[in-house]
Structures are given as C-alpha cells and as structure tokens.
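Trainee: Could you go through this model with me? I'd like to start with the backbone and then move on to the cysteines and the core.

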Amino acid sequence: MAMNKILLDIILEDNHVLLRPLEASDIDYLLPFSIHEPELWKFSLVRANGKENLENYLRIAMQAKENQTEYPFIVYDKITGQYAGSTRFYDINFPFKTVQIGYTWYGSAFHGTGLNKHCKYLLLQFAFETLGMERVEFRADNTNERSKAAMLSIGCKVDGVLRSNMPTCDSDVRRDSIVLSILRNEWFDEVKENLKIKIA
C-alpha cells in the first residue's frame with residue numbers, strides 16, 4: 001500500500017528487536033550513550049555526545065518528523081531488554097518513491113550482535129512493501145569502514161562517491177560521501193531472502 005505521508009505511529013518488530021517512534025522524552029534512555037560513548041558520533045554532522053548535544057539532536061529529529069521529511073526510531077534490543085540506539089528514515093520523497101535510511105547508531109555493546117541486520121530487515125521491508133518505495137539509499141563518510149561494511153553486508157550496492165559532499169564537525173576538511181542503495185527488484189529478487197537467512 002503506497003502512502004503520501006507517514007501519519008501514524010510505526011512500530012516495527014521481530015523476535016530480536018523493536019523499533020518505535022523516537023520521542024523527546026527518550027533522552028533518559030539515550031543519555032548514558034551520550035555521556036559514556038561520545039565516539040559513536042565521530043562521523044556525524046549532528047553530534048549527540050553530551051546532554052546538550054543530545055537534546056539538540058532530539059529537537060532536530062522531532063522537527064523533521066513534524067515536517068514529514070524524516071521518521072526517527074528508538075531501537076530496543078529484546079534479547080538484553082535494553083534500549084540500543086536510534087535510526088531513521090530521511091529524505092522521504094513519495095513522488096519519486098525514494099527514501100534514505102541513516103542517522104543509525106548503536107551502543108558499542110550491541111555492535112556485532114546481529115541487531116543492525118534485524119533493524120535493516122524491518123526498515124527495508126516497510127519501505128518497499130508498505131510505503132511502496134522503488135529505491136532505498138544509504139550514505140556514509142567514505143572513511144567510515146565499519147559503516148560501509150555493514151551496508152554491504154545487508155545487500156547494498158555501491159552507486160559511487162560524492163566528492164567534498166559535506167562539512168565535518170571538527171575541521172575545515174569536507175568529507176567524501178559514499179552512496180549505496182537497494183532497488184525494489186533487488187529486494188524481492190535476492191536481498192530480502194539473503195538477509196532473512198542471516199538473521200534467522
């Protein structure tokens with residue numbers, strides 16, 4: 001079912017993870033990461049390290065949700081019974097049937113646990129099968145090897161590199177952004193089944 005707007009609360013879950021709409025009040029769940037793991041936002045333009053930055057991060061996310069350009073989630077790990085981080089849909093373009101998935105981060109304890117693949121499966125399934133998208137795009141700092149490896153492992157294909165695409169937080173050096181994507185036919189032909197096997 002194609003939609004022109006995301007009007008309702010979206011809850012995505014399987015046996016491993018639950019994604020629900022991010023709220024400003026979730027600062028209590030995310031603040032420990034913000035205080036103790038500031039390196040999680042090393043490659044981010046919008047930092048959430050420290051309480052003040054986290055409050056700003058949430059404020060920006062809530063405004064983008066209100067504007068219908070982004071839809072942020074908080075991620076809950078059912079295995080540990082703990083909140084793990086956040087992710088979102090952004091650059092939502094219904095006329096073009098495209099969307100990006102990003103702003104994704106998890107506490108270090110959840111790296112390598114399979115959590116990310118479960119999240120991406122649910123997000124991709126919703127994007128292609130409920131929102132009717134034709135293309136889901138991912139971007140990352142081209143020097144962020146962890147992020148690139150994670151995207152390739154779920155079935156993304158590299159479209160190319162946007163040179164000097166964005167500013168960086170800590171210097172005058174601009175970053176190159178790698179662009180990856182999954183197309184609708186790729187999801188149904190191979191990516192969905194391959195990812196399902198990986199999270200089984």
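Mentor: Let us begin with Q68, which lies in the loop between helix 2 (51-66) and strand 3 (70-77); please keep in mind throughout that this is a predicted model.

Trainee: What's the phi of Q68?

Mentor: Q68 is not a glycine, yet its phi is positive, at about 65°. Most residues other than glycine have a negative phi, which is the reason for pointing this one out. As for its surroundings, Q68 is partly exposed, with a relative accessible area of 26%.

Trainee: And S164, where is that found?

Mentor: S164 is found in strand 7, which covers residues 157-166, and its phi is near 45°, again a positive value in a residue other than glycine. S164 is partly exposed, its relative accessible area being 37%.

Trainee: Changing topic: how many disulfides does a search of the whole structure find?

Mentor: The search finds zero disulfides. C119, for instance, is in no disulfide, and the nearest cysteine sulfur, that of C156, is 14 Å away.

Trainee: Why is there no bond for C156?

Mentor: The closest cysteine sulfur to that of C156 is in C119, and C156 cannot pair with it because 14 Å is too far for a bond. A disulfide is counted only when the two sulfur atoms are within 2.5 Å.

Trainee: Are those two cysteines buried or exposed?

Mentor: C119 is buried, with a relative accessible area of 0%, and C156 is buried as well, with a value of 6%.

Trainee: Now the core: which residues touch the most other members of the largest nonpolar core?

Mentor: That core has 54 residues, and those touching the most other members are L19, F89, L124 and F138. Its largest share, nine residues, comes from helix 3, which runs over residues 115-129.

Trainee: What does L19 touch?

Mentor: Leaving aside residues up to four places away in sequence, L19 touches I10, I11, L12, F73, I74, V75, T87, C119, L122 and L123, so the list includes C119, the buried cysteine with a relative accessible area of 0%.

Trainee: One last residue, K148: is it buried or exposed?

Mentor: K148, which lies in helix 4 (residues 145-153), is buried, with a relative accessible area of 14%.

Trainee: What does the K148 side chain join up with in a polar contact?

Mentor: The side chains of K148 and E145 are joined by a polar contact of 3.3 Å. Beyond four places away in sequence, K148 touches N142 and I178.

Terms used: Residues are numbered from 1 along each chain as its sequence is written. This is a predicted model: local features need pLDDT of at least 70, side-chain atom pairs count only at pLDDT 80 or more; totals for chains, interfaces and linings use all residues. Side-chain values use heavy atoms; hydrogens and water are left out. Helices (H or I, at least four residues) and strands (E, at least two) are DSSP runs, numbered from the N terminus. Buried means under 20% relative accessible area, exposed over 50%, partly exposed in between (1.4 Å probe, protein chains only). A nonpolar core is a set of buried Ala, Val, Leu, Ile, Met, Phe, Trp, Tyr and Cys residues joined through side-chain atoms within 4.5 Å. Contact means heavy atoms within 4.5 Å. A polar contact is a pair of N or O atoms within 3.5 Å; within protein, one must be able to donate a hydrogen and the other to accept it, and residues adjacent in sequence count only if both atoms are side-chain atoms.
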